[in-house]
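The following exercises concern a single structure. Each consists of a task and a solution that proceeds step by step.

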Amino acid sequence: QCTGLALSTIHKIENGRVSPSYENLVRIARGYGVGMERLVSGEEEQPQTTRMTVTRAGQGRKMRSTHFEYEVLCNALTHKKIMPIVTKVEQRPALTPSDLEAHAGEETIYVLSGRVELSVEHYETVILNVGDCAYFDSTLGHGLRALDETETKVFWASTNSPDER
């Protein structure tokens, strides 16, 4: 299969019975040859073909996965190379290698509130505080978790490689 996901998983995502991880959204977009904006746009949204778009504070497309709540920004722009997201990160136990996910591209994370622990395959785990920024190769297994009970948010930007559009 072109996505690397079980057909039953795709059906569950389509029917709203399961929330996909960001990595699975990337796999689906790549497998079907569409931009991420096609997957996360609402039916009422008409993707723009211009090269500029604005998302007002709190007006991004909201999505949920197991450990994250995403607000996808500038979603109306088609075929963009960067996917900007504000992400609410939740607390969870220390990450193990099986918790790490990988996909094509590169990512950067900038901490807006709280503290996060970033795990990237082959590197020491790092704690990021407000104002700290990390940049890494998305093909390496990676994961993120909040360390405190306070609301933890990051600005998360991921590139889409040309074959993911």
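**Exercise 1.** Determine which backbone atom lies 2.9 Å from a polar atom of the side chain of T108, and place T108 in its surroundings.

*Solution.* The model is predicted.
Step 1. The atom in question is the backbone oxygen of A134, at 2.9 Å from a polar side-chain atom of T108. This distance falls within the 3.5 Å limit for a polar contact between N or O atoms.
Step 2. T108 belongs to strand 4.
Step 3. Leaving aside residues up to four places away in sequence, T108 touches C133, A134 and Y135, and also F155, W156 and A157.

**Exercise 2.** State the strand order of the open sheet of 6 strands, and explain why strand 1 and strand 7 each have one side without a neighbour in the sheet.

*Solution.* Step 1. The order is 1-2-3-9-4-7, and the pairing is antiparallel.
Step 2. Strand 1 (61-64) and strand 7 (133-137) occupy the edges; each has a single partner strand, and therefore one side of each lacks a neighbour in the sheet.
Step 3. On average, neighbouring strands of this sheet are turned by 25 degrees against each other, with direction ignored.

**Exercise 3.** Describe how strand 1 and strand 2 are connected and paired.

*Solution.* Step 1. A hairpin of 3 residues links strand 1 to strand 2.
Step 2. Strand 1 pairs with strand 2 (residues 68-72) in the antiparallel sense, over 4 bridges.
Step 3. Within this region, K62 is placed opposite E71 of strand 2.

**Exercise 4.** Identify the residues with the most contacts inside the largest nonpolar core, and examine V154.

*Solution.* Step 1. The largest nonpolar core comprises 20 residues, and V89, I109, V116, L118, L144, V154 and W156 have the most contacts inside it.
Step 2. Two or more residues each come from strand 2, strand 3 (82-89), strand 4 (106-113), strand 5 (116-120), strand 7, strand 8 (142-146) and strand 9 (152-159).
Step 3. Not counting residues up to four places away in sequence, the residues that V154 touches include I85, V86, V89, I109, V111, V116 and L144.

**Exercise 5.** Is A57 buried or exposed?

*Solution.* Step 1. A57 is located in the loop between helix 3 (36-40) and strand 1.
Step 2. Its relative accessibility is 75%; the threshold for exposed is over 50%.
Step 3. A57 therefore counts as exposed.
Step 4. A57 and L73 are separated by 16 residues in sequence and by 9.3 Å in space, C-alpha to C-alpha.

How values were computed
Residues numbered from 1 in each chain as written. Predicted model: local features only at pLDDT ≥ 70, side-chain atom pairs only at ≥ 80, totals over all residues. Heavy atoms only, no water. Pairing = 2+ DSSP bridges. Axes fitted to C-alpha atoms, helices over the stretch in contact; angles between N-to-C directions. Core = buried A, V, L, I, M, F, W, Y, C linked by side-chain atoms within 4.5 Å. Buried < 20%, exposed > 50% of the residue type's maximum accessible area, 1.4 Å probe, protein only. Contact = heavy atoms within 4.5 Å. Polar contact = N/O pair within 3.5 Å; in protein donor to acceptor, adjacent residues only side chain to side chain.
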